[in-house]
Amino acid sequence: MTTKLKIPAIELKEVIFWYKPNGWQLQIPALTLDHGQHLFIRGASGSGKTTLLNLLAGITQPNQGELWVQGQPLHQLRAAKRDKLRAAQIGVVFQQLNLIPYLSVLDNILLRASFAGKTGTALQQRATALLEALGLAASLWQQPASALSVGQQQRVAIARALLTEPALLIADEPTSALDADNRDAFMRVLLAEADKCGTTVIFVSHDQQLKSYFKVELQMANLAQGVVAC
Ligand SMILES: Nc1ncnc2c1ncn2[C@@H]1O[C@H](COP(=O)(O)OP(=O)(O)OP(=O)(O)O)[C@@H](O)[C@H]1O
């Protein structure tokens, strides 16, 4: 076994984060996730799911405690280094999908990869293969992102996140606008790609039916009490 494999994909120790305007607090005594694990997180609206994902993606930093992602101390790194880590190793799909509306579907996907220094024909082929697997018609690939439905945009966002074979994939309600068939295709592609690339997955959703795709499930309320998985 290599040294790299001994380091967890994610490790939180006594993390506390609060919003300055209203003092709302997220407390996570402990959370460890090994490489390649898939974790389903659920919790009531306002329980802090998005706040946790923002911390894990390095968009925000904890006020107290330690937050390690891919062996990097996100609690200590400055914003520029966290941005670099995110570009290189983390795929994110947030509720606001953050597609650039006037860029084509393909350009949206490839632009994100170029931030990680990845370009070329093989990458373009992987991008179109992902879009096909996700059921997004080829006639849409050159359309501006703004011309797509929300469900179609969600599939573009996940293709963008998977393209660079990230070590960690963070997804916040990524299937909320999909019908049952597209949602199942979406989950199959996401988890198969993650398994192929050894990607650790953290997936947040209200949709209880998606729970069946995951071996490990976590409720926000339990997480705050120090329970790691249930
Ligand atoms: N920028 C902010 N400033 C102040 N408080 C915030 C901010 N963002 C979120 N909060 C508060 O933090 C709490 C957790 O919010 P968060 O968005 O993480 O919850 P959530 O579980 O993702 O909710 P939902 O399922 O509705 O998306 C909420 O009570 C919310 O009001």
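This passage walks through the two sheets, the core and the ligand shell of a predicted model.

Take the antiparallel sheet to begin with. It is open, has 4 strands and follows the order β2-β1-β4-β5. Its edges are β2 (25-33) and β5 (72-73), and each of these strands pairs on one side only. Strands β1 and β2 are held in register by 8 bridges in the antiparallel sense, with E11 finding its bridge partner in T32 of β2. These two strands make a hairpin with 6 residues between them, and G23 in the turn shows a positive phi of about 75°. On to the next pair: β1 and β4 also run antiparallel, this time over 5 bridges, and L12 sits opposite L67 in β4. The sheet then finishes with β4 (residues 64-69) and β5, an antiparallel pair over 2 bridges, where V69 faces Q72 of β5.

Q27 gives a closer look at the edge strand, as this residue is found in β2. Buried or exposed, where does Q27 fall? Q27 has 17 other C-beta atoms within 10 Å, and so it counts as partly exposed, given that a buried residue needs 20 or more and an exposed one has 12 or fewer. Setting aside neighbours within four places in sequence, Q27 is in contact with I16 and A224. Q27 and E14 are 13 residues apart along the chain, and their C-alpha atoms are separated by 7.3 Å.

The other sheet is parallel: 5 strands, again open, in the order β6-β7-β8-β3-β9. Here β6 (90-93) and β9 (216-219) take the edges; each has a single partner strand, so one side of each goes without a neighbour in the sheet. From one strand to the next, the twist averages 15°. Within this sheet, strands β3 (residues 38-42) and β8 (residues 200-204) run parallel and are joined by 4 bridges, with F40 placed opposite F203 in β8.

Helix α2 has a hand in both sheets. On the parallel one, α2 packs against β3, β7 (168-172) and β8, and its direction makes about 155° with that of β7. On the antiparallel one, α2 (residues 49-56) lies across β1 (10-18), β2 and β4, running at about 120° to β1. Helix α6, for its part, lies across β6 and β7 and runs at about 175° to β6.

Now for the core. The largest nonpolar core takes in 57 residues, and L56, V156, I158, A159 and I170 have the most contacts inside it. Helix α6 (residues 150-163) supplies the largest share of this core, with 7 residues. A159 shows who the partners are: beyond its neighbours within four places in sequence, A159 is in contact with I109, A127, L130, L131 and L134.

That leaves the ligand. Which residues lie around the ligand? Y19, P21, N22 and W24 are among them, as are G43, S45, G46, S47, G48, K49, T50 and T51. By class, this shell counts 8 polar, 3 nonpolar and 1 charged residues. Some of these positions tie back to the elements above: K49, T50 and T51 from the shell fall in the stretch of helix α2, residues 49-56.

Note on methods
Residues numbered from 1 in each chain as written. Predicted model: local features only at pLDDT ≥ 70, side-chain atom pairs only at ≥ 80, totals over all residues. Near = placed C-beta within 6 Å. Nonpolar A, V, L, I, M, F, W, Y, C, P; charged D, E, K, R; others polar. Core = buried A, V, L, I, M, F, W, Y, C linked by C-beta atoms within 7 Å. Contact = placed C-beta atoms within 7 Å. Pairing = 2+ DSSP bridges. Axes fitted to C-alpha atoms, helices over the stretch in contact; angles between N-to-C directions.
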